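Please find below a colleague's note on the structure shown here. The points are numbered so that each may be checked against the structure in turn.

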Amino acid sequence: FDWLEAPSLRAVMDALGAAGEARFVGGCVRDSLLGRPPSPMGGAGTTDIDVATTLTPEETTAALTSAGLAAHPTGIEHGTVTAVSGGLPVEVTTLRADVATDGRHAEVAFTRDWDQDWRRRDFRLNALYLGADGQLFDPAGGLEDLRARRVRFIGDADTRIAEDYLRILRFFRFTARYAEAPDEEGLAACARGADGLRRLSKERIWQETAKLFAAPRAPEAFEAMAKTGILARVLEAPAETDAFAALHRLLHADVPPALGIEALWPTAPREALQRAFKPATAVLDRIEVAREAGADLTLDQNAGLARQLYRFGAEAVTDASLLEAARTGETAWLDHANLAATVPVPILPIQGRDLIARGLEPGLALGRTLKAIEAAWLSAGCPEDEETIEEIVEEVLG
Ligand code: ATP
Ligand code: MG
């Protein structure tokens, strides 16, 4: 835990410690135990620094500001205050206890009791706490699970899932990241609770699914989700877990969500995707262009590639080629993807003002002429040399 020594972190922990108790918790403790420091401290992943405290949000803010540190109320309804110390953000959250649940999310109340705080957390390995002095608190047996590479619910899995159905997706996300295989008991409980996923907001489903695509054992997780009928609750369309597994191998685990969705649900209608993943508009747009590029895809590396790049852009042609590589297993598509990502996108060398300079009147007819030149230039494979371009223009102008 070298990062505990960082003066900016010490400042936060000293300020909180002077007024109450504070411990690091969650991903930063869990991943440090595996030798991966949190990302703000130079680690590779995206783990932020979370701190749990006995102080209320108001007390937290007061303690931080009187120590000369910035305190931003970033999630006040959850009791979260973001401390900024020497440029380093630290999420400070008041201890909480589950009080009531509706399955959409657990309703929580602030508490000063560490015992209540760990009991409402989802998995044993997510309830590891670390004092500023390096003392580890492991009330739920998280270390044992971390070592054995198991992800187990805290308490009765069925009950914990019924409190907040998002925990089903979190089970698969953490399993895909930390475990060899899904815990049988947890898996069975997730399958029993699958219907409850319908009650979650699209935003929460999307956030968890997006993170699952990047996990090291995401293909196995999606496979298990498909077998237990859970994937069908996320998107009511048949999933192709084999194509996703192939794509995952090609990309070495870092699958952009748009590609992940398209590999899993290649035939899902746009409306179905929109219903399931509505908050991810940019991702849905990326899928749509990749589909258009995919419909027009050829392995022609010269004229064909230039045309595709001009029409759909580098990202879409790369995406479509990768998906094709995953689907067919043909390495030629990988080369095509590489080319698409590196070859410059052609730019139409003739513009309206060039035609006006040649004496054409501005207006609709000029627009049509420009379209005709574009079409001729495209079918010639987007040539760049002036002579060929001139020939094309003259041919069209007649
Ligand atoms: P990551 O590295 O992905 O951020 P994390 O463990 O920090 O992992 P977060 O989603 O940031 O995951 O949540 C922080 C902590 O809050 C978790 O470790 C867990 O203890 C608790 N937690 C988050 N969401 C839930 C939930 N839906 N139910 C119960 N506990 C939760
Ligand atoms: Mg986190």
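1. Helix α3, formed by residues 57-66, lies across four strands, namely β2, β3, β4 and β5. With respect to β3, helix α3 runs at about 155°. The model in which this arrangement appears is a predicted one.

2. The confidence of the prediction should be stated early. The protein has a mean pLDDT of 93, and 100% of its residues reach 70 or more. The scores for the model are an ipTM of 0.98 and a pTM of 0.90. As a general caution, predicted coordinates should not be read in detail where pLDDT is low.

3. A second helix, α1 (residues 7-19), lies across β1 (22-25), β2 (50-53), β4 and β5 (88-94). The angle between α1 and β5 is about 25°.

4. How do α1 and α3 pack against each other? Their axes are 9 Å apart and the packing angle is about 125°. Angles of 65 to 115 degrees would count as roughly perpendicular and those over 145 as roughly antiparallel, so at this value α1 is oblique to α3. The crossing in which α1 passes α3 is right-handed.

5. Which residues bring these two helices together? From α1, the contact involves Ala15, Leu16, Ala18 and Ala19, which meet Glu59, Thr60, Ala63 and Leu64 of α3. Sorted by class, the residues of this contact comprise 6 nonpolar, 1 polar and 1 charged.

6. The strands named above belong to an open sheet of 7 strands, and the order across the sheet is β3-β4-β5-β2-β1-β8-β9. The pairing within this sheet is mixed. At the edges stand β3 (70-75) and β9 (136-137), each of which pairs on one side only.

7. The student may follow the sheet inward from the edge strand β3. Strand β3 pairs with β4 (residues 80-85) in the antiparallel sense, over 4 bridges. Within this pairing, Gly75 stands opposite Thr80 of β4.

8. Strands β4 and β5 also run antiparallel and are joined by 6 bridges. One bridge sets Val81 against Val92 in β5. The two strands form a hairpin with 2 residues between them, and Gly86 in the turn has a positive phi of about 55°.

9. In which sense do β2 and β5 pair, parallel or antiparallel? They pair in the parallel sense, over 4 bridges. Val51 has Val92 of β5 as its bridge partner. Val92 is thus worth locating in the structure, as it is the bridge partner of Val81 and of Val51. A further bridge partner in β5 is Thr94, which is matched with Thr53.

10. Strands β1 and β2 pair in the antiparallel sense, again over 4 bridges. Here Ala22 has Thr53 in β2 as its bridge partner. Thr53 may therefore be traced in two directions, to Ala22 and to Thr94 in β5. In a regular strand, side chains alternate between the two faces of the sheet.

11. Attention may now turn to helices that lie later in the sequence. Helix α15 (residues 281-295) packs against helix α17 (residues 314-328) at an angle of about 70°, and their axes are 8 Å apart. The two helices are therefore roughly perpendicular to each other. On the side of α15 the contact is made by Arg286, Val289, Ala290, Ala293 and Gly294, and on the side of α17 by Ala316, Val317, Asp319, Ala320, Leu323 and Glu324. The classes represented in this contact are 7 nonpolar, 1 polar and 3 charged residues.

12. Helix α17 also has helix α16 (residues 303-312) as a neighbour, with axes that come within 7 Å and cross at roughly 120°. This crossing makes α16 oblique to α17. Gln308, Leu309 and Phe312 of α16 meet Ala314, Ala316 and Val317 of α17. The residues of this contact divide into 5 nonpolar and 1 polar, with no charged residue. Ala316 and Val317 take part in the contact with α16 and also in the contact with α15.

Methods:
Residues numbered from 1 in each chain as written. Chains lettered and ligands numbered in written order. Predicted model: local features only at pLDDT ≥ 70, side-chain atom pairs only at ≥ 80, totals over all residues. Pairing = 2+ DSSP bridges. Contact = placed C-beta atoms within 7 Å. Axes fitted to C-alpha atoms, helices over the stretch in contact; angles between N-to-C directions. pLDDT = per-residue confidence, 0-100. Parallel < 35°, antiparallel > 145°, perpendicular 65-115°, else oblique. Left-handed = near helix turned anticlockwise from the far one by under 90°. Nonpolar A, V, L, I, M, F, W, Y, C, P; charged D, E, K, R; others polar.
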